[in-house]
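Work through these exercises with the model open beside you. Try each task before you read its solution.

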Amino acid sequence: MSRLDLSGLGARPAQVWGAVRLVPLVRDEPITDLRLHRELYEDGPLTVRGERGTAYTAYVPHGFVANWTGDGSPAAAYGSQLSEERGPVVCAPLHLPRKLVQRRRGKEDAKRKAGGGPSGGLRFLPLHLALDGYLALHFGGPSIVWEEWTRRAVRDGLSPRAERAYRGEAVPGLDDALRVFEIHPGQCGVLVYVADALAAAFVVPHPDDYRALHPSLLQDLYGELMYQYALYGGPVPEFTARIAAEYVTSLAELRSAAARQQQEWESRHAALMAGELLDASYEVRQVYRMGRFRLSRFLPPFALHRTQHIGEMITDGKGRVAYLKTFRLTDKQVRRGHVLHRLAAHDWHVGRTAEAMGISGPELVRRVIHLGFEGLLKQHTEGPAKRRG
């Protein structure tokens, strides 16, 4: 388990629009040897072929491409100039990828070389690494055929893998907030709060990347809870800085007092508002290695009665975050992850799992059914639990 390292990123004063609060994140030093840009997909579903005739289908409005260089030479964002001698990036037509993370090859890579850009490029779909990791959580099924599990569960795996999410365009007030709020000089990320609950974190390597990807927040996924908070929650208060005029006698003192106010805001924000994300420990799984960077997804410990986030990130050789995107889970999603963790830790044996959780076997079966996994149990096992419920 490890924590997120956002060193090198500082929080600037929040901007408020109704129930939406955006906290800009500014880098001390932009990362120049890793750059992100967006590629647009035509409307329609994207399909990834799996094993044994299975397929993964989703609506994906856009994808991210990460380009990295070993010598720190520029790798510009979509639409900007690569160098004085060469023209801008020209994105090649997209084909349906065979997997969620795919190295750019062939004509696409050749076009980037011809344009003076770096040849290394990796395409991935925002948040799909994190969501796929959550949906596949321990879904391999029991290694031993316990009598409680159906033949279908053992043969096909624990198949219910669907969750509901909302696009940013559907979250009331988010589109206006992103349109109206200013982008700070050096801004490389943002924390999105709805009714002062952290909905998502988004971090990129370079300010030019953020300016290009700022509108993509409207196509990203947000949990149902965040949609409800925005729909029913009232306006949140603004945090304003107050400087006592009687203690300021010069411009230097005013500048010093303003700097202290900014430092106090950063520390309060990190301790109070962003603490649920930064103080938690995560299980990090590396997906791809790209030069000195690592593309990974992370899952929380699924502790009950706590706010939990899943996400994906790119870190450098010291573990510092260069790219980050998170998704807040609902309480029910946390409970599902908690039960799956406990079952997998005891090889999916209902009796031993229930004993470790301090509950009875029928109560564990009732919880499994309540969380939407009733199709995984044999009828004679779930029947008593239904009669008790």
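**Exercise 1. Describe the second largest pocket: its space, its lining and the elements behind it.**

Step 1. The second largest pocket holds about 320 Å³ of space. A pocket is an open set of points on a 1 Å grid over the protein atoms alone, where a 1.4 Å probe fits, with protein on both sides within 12 Å along at least five of seven lines. The volume is the space filled by probe spheres set on the points.

Before going on, note the ground rules. This is a predicted model, where local features need pLDDT of at least 70 and side-chain atom pairs pLDDT 80 or more, while totals for chains, interfaces and linings use all residues. Residues are numbered from 1 along each chain as its sequence is written, and side-chain values use heavy atoms, without hydrogens and water.

Step 2. Count the lining: 15 residues. Lining residues have an atom within 4 Å of a point. Pro-13, Phe-239, Thr-240, Ala-241 and Trp-265 lie nearest the centre of this pocket.

Step 3. Find the elements. β2 (15–17) and α7 (251–273) each give two or more residues to the lining. α7 gives the most, with 5 residues. Helices (H or I, at least four residues) and strands (E, at least two) are DSSP runs, numbered from the N terminus.

**Exercise 2. Locate the buried side of helix α11.**

Step 1. Select residues 361–370, which form α11. Its buried residues are Leu-364, Val-365, Val-368 and Ile-369. Buried means under 20% relative accessible area, exposed over 50%, and partly exposed in between (1.4 Å probe, protein chains only).

Step 2. Check the arc. These residues cover only 140° around the axis, so they sit on the same side of α11. The arc is taken from the directions from the helix axis to the C-beta atoms.

Step 3. Look just past the helix. There, Gly-372 takes a positive phi of about 95°.

**Exercise 3. Find two residues that have a positive phi without being glycine.**

Step 1. Go to the loop between β11 (187–194) and β12. Asp-196 lies in this loop. Its phi is positive, about 60°, although Asp-196 is not a glycine. Asp-196 is partly exposed, with a relative accessible area of 33%.

Step 2. Move to the loop between β15 (293–299) and β16 (309–315), where His-305 is found. His-305 also has a positive phi of about 60° and is not a glycine. His-305 is exposed, with a relative accessible area of 82%.
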